[in-house]
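Please find below my notes on the model, set out as numbered points for reading alongside the sequence and the coordinates. They deal with the cysteines, one strand and one helix.

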Amino acid sequence: MDIKRKLASFRNTLNSYVMSESEKEAYIELETRLLKSETMPLKELLARAKKIKPLVRVDGDHNSVLGFRKKCHDFADTDKLCFCKPCDIRARSYLYDFNASRIVTSGGKPCVVPKHQKVGEFTCYHDTGAFYGCLMPSVDEVLQQFPTEIDWHTVDAFELLFSSLNFRDVYDSLLDRHISTVILYRFDNGLPKQIKEQPIVFEGHRYR
């Protein structure tokens, strides 16, 4: 189904809800932007994936990869950020079922995330997949939805913040998407070599 047909179907759905015309137009504008973002050329998507890596936050002062708990809500000063091993940026959520084996390590410890600074943030909308009851954000959604006012060339990494881990609290039934805040970081000296050399996995294919 092309974008025009999807938008026509979406508009029909909105007509069954009680809302103002301005609210309907705002939803249509957002849905249009999201659908267009999904048509990003593969070459550009891979370029972004090579440059910008997902980070996962874990609890406490962990010197090993054991005993951690991933966090994407209620951040604390004692949290640590970790790099992820490559997973398919489209076909699989990098956070769903995340466990210690998927943390990048060096010498048996999590690879050190370099000194960094926050350079921006934006709201991101995530496909619910087969079931809206699971938070399953994928890397490609984040990379495709970068606002035009943010130069992605200046960003090295991102992490997701959900306002709640109760999927009902972050679910928009009209869009059929979960909503997060993407936090963008830049490292003082760029990506570590080990991370920069990671392959990009896209629909089962590996790119370097």
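1. A residue is called buried here when its relative accessible area is under 20%. With that cut-off, Cys-124 is to be read as buried, because its relative accessibility is 0%. Please bear in mind throughout that this is a predicted model.

2. On the cysteines, a search of the whole structure turns up zero disulfides. Cys-124 takes part in no disulfide, and the nearest cysteine sulfur, that of Cys-72, lies 13 Å away. For Cys-111, the closest cysteine sulfur is in Cys-82 at 9.4 Å, which is too far for a bond; the cut-off that matters for this reasoning is a pair of sulfur atoms within 2.5 Å. Cys-111 also counts as buried, because its relative accessibility is 9%.

3. Strand S1 (53-58) deserves a careful look, because six of its six residues are buried and the strand is therefore largely enclosed by the rest of the structure. Its side chains go two ways: Lys-53, Leu-55 and Arg-57 point to one side, while Pro-54, Val-56 and Val-58 point to the other, and all of them are buried. A reader going through the sequence should note that Lys-53 and Arg-57 are included among these buried residues.

4. Which strands pair with S1, and in which sense? With strand S7 (residues 157-161) the pairing is parallel and runs over two bridges, and within S7 the bridge partner of Lys-53 is Ala-157. With strand S3 (residues 80-83) the pairing is antiparallel over four bridges, and here Val-58 stands opposite Lys-80. With strand S2 (residues 70-71) the pairing is again antiparallel, over two bridges, and Val-58 stands opposite Lys-70 in that strand.

5. Turning to helix H3 (residues 42-51), its buried residues are Leu-45, Leu-46, Arg-48 and Ala-49. These residues lie on the same side of H3, because they cover an arc of only 160° around the axis. As background, an α-helix has 3.6 residues a turn, so residues three or four places apart point the same way.

6. What, finally, covers the buried residues of H3? The covering elements include strand S1, described above, together with helix H4 (139-144), strand S10 (200-202) and strand S11 (205-207). S1 thus appears in two of these points, as a strand that pairs with S7 in the parallel sense and as part of what covers the buried residues of H3.

Notes: Residues numbered from 1 in each chain as written. Predicted model: local features only at pLDDT ≥ 70, side-chain atom pairs only at ≥ 80, totals over all residues. Heavy atoms only, no water. Buried < 20%, exposed > 50% of the residue type's maximum accessible area, 1.4 Å probe, protein only. Arc of directions from axis to C-beta. Contact = heavy atoms within 4.5 Å. Pairing = 2+ DSSP bridges.
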